[in-house]
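Reader: I am new to this structure and would like a close look at one part of it. Please pick one residue in a loop, describe its surroundings, and then place it within the protein as a whole.

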Amino acid sequence: MDLKQIKIVINLIKCSDLAEFEVEEKGFKLKIKRGAETARSLSTYPVEPSGGLATRPDTPRTLASPLSPITLAESNSNSGEAGFAYVKSPMVGTFYRSPSPESPSFVDVNSKVDDKVVVCIIEAMKIMNEIQAETKGTVVEVLVENGQPVEYGQRLFKVKTA
């Protein structure tokens, strides 16, 4: 598990009601615990302090679960542009436009989509999550670069609705 993955786990914990998280793989153990003092990290090799493991939010957040699906109402809210919808990230993770580096992108600019069309994959904790458009129309803009980290609710694609 690298520093980037640890940061993803921390963000997932911040966005949830979890009080404790523990993972162990190949001689590496990570334990993050929310408590009255600070979060802790235990590992078999040192983790940089800049990884943010000792920080915790001042107040608990009340957000939807990071794995909850996006609805069309959420994608249209606050868009400010009539006739357009946005496909937003339902979780924190890494954005991929195709299923593998050799494969073509799921969608490109001018691709027609409907609510069941897979538009990208977001990797979170080594799990590949297919993201569907959940709207009908034509992709007019891809807002995120391949391999870039994304946040919960971040706009991924701009779609001209049909």
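**A loop residue and the sheets around it**

Author: The residue is E151, which sits in the loop between strand 9 (149–150) and strand 10 (155–161). The model is a predicted one. E151 has a relative accessible area of 44%. Because that value falls between the 20% limit for buried and the 50% limit for exposed, E151 is classed as partly exposed.

What does E151 touch, apart from its neighbours within four places in sequence? Its contacts are N11, S89, M91 and V92. S89 is 62 residues away from E151 along the chain, yet their C-alpha atoms are separated by 6.8 Å. Contacts across such stretches of sequence can also be put as a share for the protein: of the contacts with a separation of 6 or more, 53% are between residues 24 or more positions apart.

The loop joins strands that belong to two sheets, so each sheet is taken in turn, starting with the one that holds strand 9. Here 4 strands form an open sheet, in the order 7-6-4-9, and they pair in the antiparallel sense. Strand 7 (127–132) and strand 9 are the edge strands; each has a single partner strand, so one side of each has no neighbour in the sheet. Strand 6 (residues 118–124) and strand 7 run antiparallel and are joined by 6 bridges. One pair of bridge partners is I122 and N129, the latter in strand 7.

Strand 4 (residues 93–96) contains T94. Is T94 buried or exposed? T94 is buried, because its relative accessibility is 4%, and the limit for buried is under 20%. Beyond its neighbours within four places in sequence, T94 is in contact with K4, I8, I121, I122, E123, G147, Q148 and P149. I122 thus appears twice here, as a contact of T94 and as the bridge partner of N129.

On the other side of the loop, strand 10 is part of an open sheet of 4 strands in the order 3-10-8-5, with antiparallel pairing. The edges of this sheet are strand 3 (84–88) and strand 5 (112–113); each has a single partner strand, so one side of each is left without a neighbour in the sheet. An edge position does not leave strand 3 open to the surroundings: 4 of its 5 residues are buried, so the strand is largely enclosed by the rest of the structure.

Strand 10 runs antiparallel to strand 3, and 5 bridges join the two. A85 has V159 of strand 10 as its bridge partner. Strand 10 also pairs with strand 8, again in the antiparallel sense, over 5 bridges. In that pairing, E141 has K158 of strand 10 as its bridge partner. Strand 8 (residues 137–142) pairs in turn with strand 5 in the antiparallel sense, over 2 bridges. V113 is opposite G137, which lies in strand 8.

As for the whole, the protein has 2 helices and 10 strands. From the N terminus on, the elements run α-β-β-α-β-β-β-β-β-β-β-β. Of the 162 residues in the protein, 38% are buried. The accessible surface comes to about 9,600 Å², with 52% of it belonging to carbon and sulfur atoms.

Methods
Residues are numbered from 1 along each chain as its sequence is written. This is a predicted model: local features need pLDDT of at least 70, side-chain atom pairs count only at pLDDT 80 or more; totals for chains, interfaces and linings use all residues. Side-chain values use heavy atoms; hydrogens and water are left out. Buried means under 20% relative accessible area, exposed over 50%, partly exposed in between (1.4 Å probe, protein chains only). Contact means heavy atoms within 4.5 Å. Accessible areas come from the Shrake-Rupley method with a 1.4 Å probe; for residues, only the protein chains shown count as cover. Two strands pair if DSSP finds at least two bridges between them.
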